[in-house]
Amino acid sequence: MWTPESWRRKHAAHQPAWPDQAELETIEKQLSSVPPLVFAGEARDLRASLGRVATGDAFLLQAGDCAESFDGFNAVAIREKLRVILQMAVVLTYSAGVPVVKVGRIAGQFAKPRSSPTETKNDTELPSFLGHMVNDLPFSEGDRRPDPQRLLQAYNQSSSTLNLLRAFTKGGFADLRRVQAWNQEFVSSSNEGQRYQKLASEISRALRFMEASGISSQHPEIAEADLYTSHEALILQYEEALTREDSLTGDWYDCSAHMLWIGERTRQLDGAHVEFLSGVKNPIGCKIGPSATPDEVVGICQALNPDEIPGRLTLITRMGAKNVTELLPPVLEAVDAADIPVVWACDPMHGNTFTSETGHKTRHFNDVLAEVQGFFEAHRQAGTHPGGIHVELTGEDVTECLGGGEAVEPQDLGKRYETMCDPRLNGRQALDLAFEVAELLSGDQEA
Ligand code: PEP
Ligand code: CO
């Protein structure tokens, strides 16, 4: 039987080696009585919206940092991330004519699975950096020691981030009548920035026309936005501690975020992560990488969405640009044949990472785009809905991914390479991608 702690009977992959169990338990206890970050009703609303994505009546935009940082924590960084997500959503909605469900990798995205549990430098072996929820990046014994106090700090930072996001989305910043103000300076001079400017002024004109015709634009649909939160549910003690029984329905919700996902490295059918997320009623995601067999993916659907609820499960495929054409179709076919409703989202980032000659972990915009194109094409052929994209981005003018309209070149990577983990699209590249996806999406709708 599922309980919030039943995952403890299974193997949990990619967990930190917490040096002090008693300290961890003390923190778990503290976290189990803090106020929830999100409400069950909000998670249900998101599930309903994702249900519309599953049937092709809406599009999912899930985006944000690879890993949020305790250091770069300030209002401007949060606002800039929100701004670029709003811009992308407007481009998609306006060009493709479908509502966009916006989900941030934000307010809780602090834990990272790594390819190796330890890192060795000059004969010193230390635990790998597992995200600020666990330890710190500098290569020293003190910094790399898993520290349960960080779980509390992650909760607190998530709470303030969410508070600010709620203020921005409900308090005027996300008002569609400000659509032109969302373009940032470093973006507006570029081609995609100007393209955005043109689209934004068309929207403003349409809104003025509405007003002039006596139709008020004071609707919450115009004045406010919904941005849901999500993160990888990796550290299960944290997720369990924030899981609450909903007084209205008696169901369990993981109240650390609206949506949680299982990573590519922790999606074992008999593992602790699948067990934990199978029992909470939030909408959940699961990454599907190139090693997943069609049968395995069907097994994941049966384990995570046995009641076949549309919007409950999002499969986030991340095959890599080179593999998507070959590997995605059999997966789509198998899930379609099993007749379990899912949202299909494309993560065009994690299958396309490589190390540049300058030694930076990077991704090329062309590969990102190629995977998205392959994703749309595979769905067109299978007759399934390409439901959304899942991307790593920042609102800032970083140089972490190569290419894009105003191309970042290999020699630029060192200039503003600021990520703590994976390379993110900058504001320009993100907007560029939104225009490309909008075209694919509107072509898809006409077909
Ligand atoms: C991520 O989304 O940051 C991540 C680690 O992805 P994946 O599990 O697909 O490798
Ligand atoms: Co990442």
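Visitor: What makes the space taken by ligand 1 a pocket, and which rank does it hold?
Guide: The space taken by ligand 1 ranks as the second largest pocket. A pocket is an open set of points on a 1 Å grid over the protein atoms alone, with a 1.4 Å probe fitting and protein on both sides within 12 Å along at least five of seven lines; a molecule sits in it if more than half of its atoms lie within 2 Å of its grid points. This is a predicted model, where local features need pLDDT of at least 70, side-chain atom pairs count only at pLDDT 80 or more, and totals for chains, interfaces and linings use all residues. Residues are numbered from 1 along each chain, chains are lettered from A and ligands numbered from 1 as written, and side-chain values use heavy atoms, without hydrogens and water.

Visitor: Which side chains make polar contacts with oxygen atoms of ligand 1?
Guide: Polar side-chain atoms lie 2.6 Å away in Arg318, 2.7 Å in Lys287 and 3.1 Å in Glu392. A polar contact is a pair of N or O atoms within 3.5 Å, so each of these pairs qualifies. The protein covers 98% of the 300 Å² of accessible area (Shrake-Rupley, 1.4 Å probe) that ligand 1 has on its own.

Visitor: What makes Cys66, His350, Glu392 and Asp422 donors of the cobalt ion (ligand 2)?
Guide: Their atoms SG, NE2, OE and OD, respectively, lie 2.0 to 2.4 Å from the cobalt ion. Donors are N, O and S atoms within 2.8 Å of the metal, so these four meet the criterion. Along the chain they follow the spacing C-x283-H-x41-E-x29-D.

Visitor: Why does the pair Cys66 and Glu392 tie together parts distant in sequence?
Guide: Cys66 lies in the loop between strand 1 (59-64) and helix 3 (75-96), and Glu392 in strand 14 (residues 388-392), so the parts joined are 326 residues apart in sequence. Strands (E, at least two residues) and helices (H or I, at least four) are DSSP runs, numbered from the N terminus.

Conventions: Polar contact = N/O pair within 3.5 Å; in protein donor to acceptor, adjacent residues only side chain to side chain. 1 Å grid on protein atoms, 1.4 Å probe; cavity = no way out; pocket = protein on both sides within 12 Å on 5 of 7 lines; lining within 4 Å. Donors = N, O, S within 2.8 Å, 3.2 Å for Na, K, Ca; no water.
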